[in-house]
Amino acid sequence: MTPDFVSSSLAIVAPELILAIGAMALLLIGLFMGERSAPTVSGLAAALLVGAGLVLVTVTPDGVAFGGSIILDPFARFMKVLVLIGSAVVIVMSVGFAERERFDRFEFPVLIVLSTIGMMVMISAGDLIALYLGLELQSLAVYVVAAINRDSVRSTEAGLKYFVLGALSSGMLLYGASLIYGFTGQIQFDAIASLAAEGRSLGLIIGLVFVLAGLAFKISAVPFHMWTPDVYEGAPTPVTAFFAGAPKVAAMALLTRFTVEGFGPLTPDWQQVIVFISIASMAFGSFAAIGQRNIKRLMAYSSIGHMGYALVGLAAANVSGVRGVLIYMAIYMTMTLGTFAVILSMRRRDGVVEEIDDLAGLSRTNPVMALFLTILMLSLAGLPPLAGFFAKYFVFVAAVQAQLYGLAVIGVLASAVGLYYYLRLVKVMWFDEPAESFVPMAMEMRVVLGAAALFIFPVYLFVGPSIAAAAEAAARSFF
């Protein structure tokens, strides 16, 4: 390697290097300061993520690093910014909750930073090796985070379930990657696409399906969703908020790049798989959530459904579809983080509560929280003029343009079914007799909830065109 090659590659991965060096420094700070260092390390970790984001946006050039293993283009830049925001917000939200629940360990923010590095590698992966390295770096940190509350049986069980099922999905993905390499002799996505254009083979299609199965596990799409409800309910709530946000964005970005860039010539083959898991996820997420009483389990099934809606855009396999995926993931992450700010604030003097009935009469005990949560629930349901409506609008329009009329119709029907359980939660807050009031929200929760709700409405009406333009430019990097 020439010095110029190394320097240009290092410039492209500068944000990841900053996070890696920063994570090691934070680990040393925590070791020297002891357990009392958790708030300090959390603050520094959030600042580190923000700093990496600023470097990514202002300094880092587009290009290809390490011979095509890492790609930084407008698509990667867009999704990396979302991941960094999601991780930083979760760290900020976790500080007060961790102190109250007595699992405030300095390892938590360090693990979040390490997981974020893996997510950024996933988003920029240009070959099968970078794909797996990023995926495993993200996953190994998340396995530990899920079980970080060692005194809780539920948390330990959640971590073990996620680890076992995650290992199974990794094995499927590796088997698929080995088949792809065996039948093409290539690991880079663009080289695989060139060979696929010359002719398809049964072994290549089987390998593609196995890799899609492994990636579908990461976004908790049906039928690889089985870990989601139990892990969401059992893991500490800040960890659940993290699971529901940034990792989903990174996995969806990797799935999009892998299919569109690596297997564009075989679009009719993988499109069938994406359409199936999209329909299954939308339907299952809508119907399974109806009977839920625990709000974290409700959000788990909601997440499954929303990944199905995002996959509608990917199934379209065109510029409009990829643009829809980008916009959907940005709005979804905002809605989810705002909702979890409320869930983290569901605390009474005798401890944390998680049942939907505990929100009864919230409009009378805390009208501002009730109003903002109502905005978020109606946006998750996809009602206009909230941002959630535009998220679904873009992916459904892309499906219609790709002549996937049945998929678009099923998506609209699933949205109508899902409206029921979101409205049920709104009904509990506004029309049921008040339950015992919660303790006052922490300041960081108020900021996150207020920012998320105001972004959903009315701020998105003003900034939406700019976000759509950025997403359009990012989507065109594939075509």
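**Exercise 1.** How many nonpolar, polar and charged residues does the lining of the largest pocket have, by class?

*Solution.* The model is a predicted one.

Step 1. Take the volume: the largest pocket holds about 320 Å³ of space.

Step 2. Collect the lining, which comes to 16 residues. Those nearest the pocket centre are Ile85, Met333, Thr334, Leu337 and Phe455.

Step 3. Sort the lining by class. The result is 14 nonpolar residues, 2 polar residues and no charged residues.

**Exercise 2.** Identify the helices that each supply at least two residues of this lining, and the one with the largest share.

*Solution.*

Step 1. At least two lining residues come from each of helix H4 (74-101), helix H15 (319-344) and helix H20 (443-476).

Step 2. H20 gives the largest share of the lining, with 6 residues.

**Exercise 3.** Describe the nonpolar patch on the surface that includes Leu10, and state why Leu10 does not count as buried.

*Solution.*

Step 1. List the members: Val6, Leu10, Leu17, Ile21, Met24 and Phe66. Together they have about 510 Å² of accessible area.

Step 2. Assign the patch to helices. Helix H1 (3-12) and helix H2 (14-33) each contribute at least two residues. The largest share, 3 residues, is from H2.

Step 3. Place Leu10, which is in helix H1. Its relative accessible area is 37%. Buried means under 20% and exposed means over 50%, so Leu10, at 37%, is partly exposed.

Step 4. Check the patch cut-off: a patch residue needs over 30% relative accessible area, and the value for Leu10 is 37%.

Note on methods
Residues numbered from 1 in each chain as written. Predicted model: local features only at pLDDT ≥ 70, side-chain atom pairs only at ≥ 80, totals over all residues. Heavy atoms only, no water. Patch = residues over 30% accessible without salt bridge, like charges linked within 9 Å, V, L, I, M, F, W, Y side chains within 5 Å. Areas by Shrake-Rupley, 256 points an atom, 1.4 Å probe, with all protein chains shown as cover. Salt bridge = Lys/Arg side-chain N within 4 Å of Asp/Glu carboxyl O. Helix = DSSP H or I, 4+ residues; strand = E, 2+ residues; numbered from the N terminus. Buried < 20%, exposed > 50% of the residue type's maximum accessible area, 1.4 Å probe, protein only. 1 Å grid on protein atoms, 1.4 Å probe; cavity = no way out; pocket = protein on both sides within 12 Å on 5 of 7 lines; lining within 4 Å. Points joined across faces, edges and corners; volume = space filled by probe spheres on them. Nonpolar A, V, L, I, M, F, W, Y, C, P; charged D, E, K, R; others polar.
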